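Student: I am new to this structure and would like a close look at a single part of it. Could you take me through it step by step?

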Amino acid sequence: MSSALPKSASVVIVGGGMQGLSCAINLALLGIRDIVVLDAGYWQGGTSGRNGCLIRPGFGGHDWTRLFELSWREWTTLSRKLGHNVMFTERGYTMIAETGQSAEMLRNASQLHRQYGITSKILTHRQISRLLPAINQEYVTAALHQPRGGMAPHHSVMKGYLHACREKGIDVRYRTAITGFDMHDRSVRGVYVNDHLIRSGTVVIAAGPQSPELARYAGVEIDGYMMRIEAMALEPMRPLIGPALALIDSLAYFHQTARGEVVGGTEVHETPQKNLRADVPAMAAMAHVYTRLFPQLADIRILRQWAGLLHISSDLAPLLGPHPRVRDLWFSAGWSYGFAGAPGAGLLMAKAIAKGQVDEIMRPFALDRIEKGNPIEEAGVVMNKKGIYIPA
């Protein structure tokens with residue numbers, strides 16, 4: 001039987017996915033004690049257990065690249081930091097352009113990466129043939145390869161985070177939904193679980209698609225909208241695809257596992273849905289991408305298909321930091337690349353909470369940037385651009 005809920009905590013984190021657990025372990029490593037993590041669902045029931053598992057340090061713009069380069073550095077030492085093997089492998093990450101506009105973006109990104117010490121290179125046709133001998137180059141206008149990118153299985157990562165948190169004495173509870181906040185003078189003083197109050201000087205919301213609803217518990221709104229993503233796995237086959245792949249124009253991403261399964265997803269325009277039922281349009285779109293770029297996959301069967309829900313900010317960039325109108329209420333929300341970004345975001349959030357100073361890397365991702373007219377433009381993401389805020 002679970003122990004009784006505590007009456008107080010130094011920090012309460014709402015959301016037990018990668019964002020919440022990363023923030024929690026980094027707070028503990030900075031010396032913060034009495035940390036409580038509460039999650040309404042089951043372990044890995046959210047997007048931390050429903051993602052592409054892909055990791056890269058470099059994007060197309062400065063803000064994203066600074067954040068994800070930091071996160072990539074955290075990935076390279078994460079197993080040692082947590083004391084558990086997260087199975088991160090630097091198998092490489094290749095971004096594929098199928099249009100001239102995206103090709104130009106990749107060339108500019110390669111130059112940007114040099115400023116941050118990120119190894120990346122625009123490949124020649126011969127280099128593409130060596131790296132991806134099975135790809136149909138008829139559709140490839142440019143390829144940017146980041147050799148130190150890669151992937152990590154989400155189950156290994158989540159297991160590592162959960163065990164590390166509990167070994168540090170962090171109280172992590174699933175199937176435990178908060179029902180409200182204790183508010184005083186526009187400040188959060190604690191959270192309610194039914195009629196039980198946990199008093200706390202700091203509350204962090206890292207609850208994925210539930211983040212906007214939880215913000216309303218405090219009487220405020222956060223930017224963004226609901227989005228559903230889908231992925232599928234093909235039956236095992238001989239090694240065909242070496243690095244992780246992102247197809248900028250096809251809005252697709254995939255890799256081949258050690259078991260030989262090709263796993264990935266693609267974004268499709270659809271009526272917003274709030275369920276986890278896999279659907280035919282996403283399967284058909286992914287099959288189209290597979291057979292166009294890798295014709296050898298045409299006869300391979302689909303083994304599994306699944307869906308996940310995201311809360312996406314209107315410029316696709318994460319919302320990181322304190323809410324501007326409620327004291328002591330922090331957010332790690334709005335994520336479209338939350339798996340890859342979690343180690344870096346957790347470190348930045350923990351340092352800001354523990355030391356009271358927001359790092360320059362984190363500052364552009366402030367929650368009120370859209371209303372202040374400072375959206376973050378990023379062309380190097382593989383996401384459905386429908387509904388994105390476009391500055392005048």
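Which residues of H2 meet which residues in H5?

Tutor: Happy to help! Please keep in mind that this is a predicted model. On the H2 side, the residues are Trp75, Leu78 and Leu82. In H5 they meet Val157, Gly160, Tyr161, Ala164 and Glu167.

Let us place these two helices. H2 covers residues 62-82 and H5 covers residues 154-167, and they pack at an angle of about 40° with their axes 10 Å apart. Because of that angle, H2 is oblique to H5. The crossing of H2 and H5 is left-handed.

Trp75 leads us further inside. Together with Ile13, Leu21 and Trp64, Trp75 touches the most other members of the largest nonpolar core, which has 78 residues. Helix H8 (residues 338-355) provides the largest share of this core, with 10 residues. Apart from this core lies another one of 25 residues, including Ile205, Leu214, Ala333 and Leu367. As general background, nonpolar side chains tend to be buried together in soluble globular proteins.

Trp64 also deserves a look. Setting aside neighbours within four places in sequence, tryptophan 64 is in contact with residues that include Phe59, Leu316, Pro318, Tyr337, Phe365, Ile376 and Val381. Ala317, Ser336 and Glu378 are also among the contacts of tryptophan 64.

Now for the surroundings, beginning with the sheet. Eight strands form an open sheet with mixed pairing, in the order S5-S6-S4-S13-S14-S15-S12-S16. At its edges are strand S5 (121-122) and strand S16 (302-312), each of which pairs on one side only. Strand S4 (residues 93-97) pairs with strand S13 (residues 244-247) in the parallel sense, over four bridges. Within that pair, threonine 94 stands opposite leucine 245 in S13.

Two helices go with this sheet. Helix H3 (residues 100-115) lies across S4, S5 and strand S6 (142-146), and runs at about 30° to S6. Helix H7 (residues 280-293) packs on the sheet as well, touching strand S12 (225-234), S13, strand S14 (252-256), strand S15 (262-266) and S16. The direction of H7 makes about 120° with that of S15.

S15 is a good strand to follow from here. Five of its five residues are buried. Val262, Gly264 and Thr266 are buried on one side of S15, and Val263 and Gly265 are buried on the other. S15 pairs with S12 in the antiparallel sense over three bridges, and alanine 231 stands opposite glycine 265 in S15. S14 and S15 also pair in the antiparallel sense, over five bridges, and valine 262 in S15 is the bridge partner of glutamine 256. S14 and S15 form a hairpin with five residues between them, and glycine 260 in the turn has a positive phi of about 95°.

Two loop residues round off the tour. Leucine 251 lies in the loop between S13 and S14, and has a positive phi of about 55° although it is not a glycine. Leucine 251 counts as buried because its relative accessibility is 15%, below the 20% cut-off. Arginine 186 lies in the loop between strand S9 (180-183) and strand S10 (188-193). Phi of arginine 186 is near 60°, also a positive value in a residue other than glycine. Arginine 186 counts as partly exposed because its relative accessibility is 42%.

Methods
Residues numbered from 1 in each chain as written. Predicted model: local features only at pLDDT ≥ 70, side-chain atom pairs only at ≥ 80, totals over all residues. Heavy atoms only, no water. Core = buried A, V, L, I, M, F, W, Y, C linked by side-chain atoms within 4.5 Å. Buried < 20%, exposed > 50% of the residue type's maximum accessible area, 1.4 Å probe, protein only. Contact = heavy atoms within 4.5 Å. Pairing = 2+ DSSP bridges. Axes fitted to C-alpha atoms, helices over the stretch in contact; angles between N-to-C directions. Parallel < 35°, antiparallel > 145°, perpendicular 65-115°, else oblique. Left-handed = near helix turned anticlockwise from the far one by under 90°.
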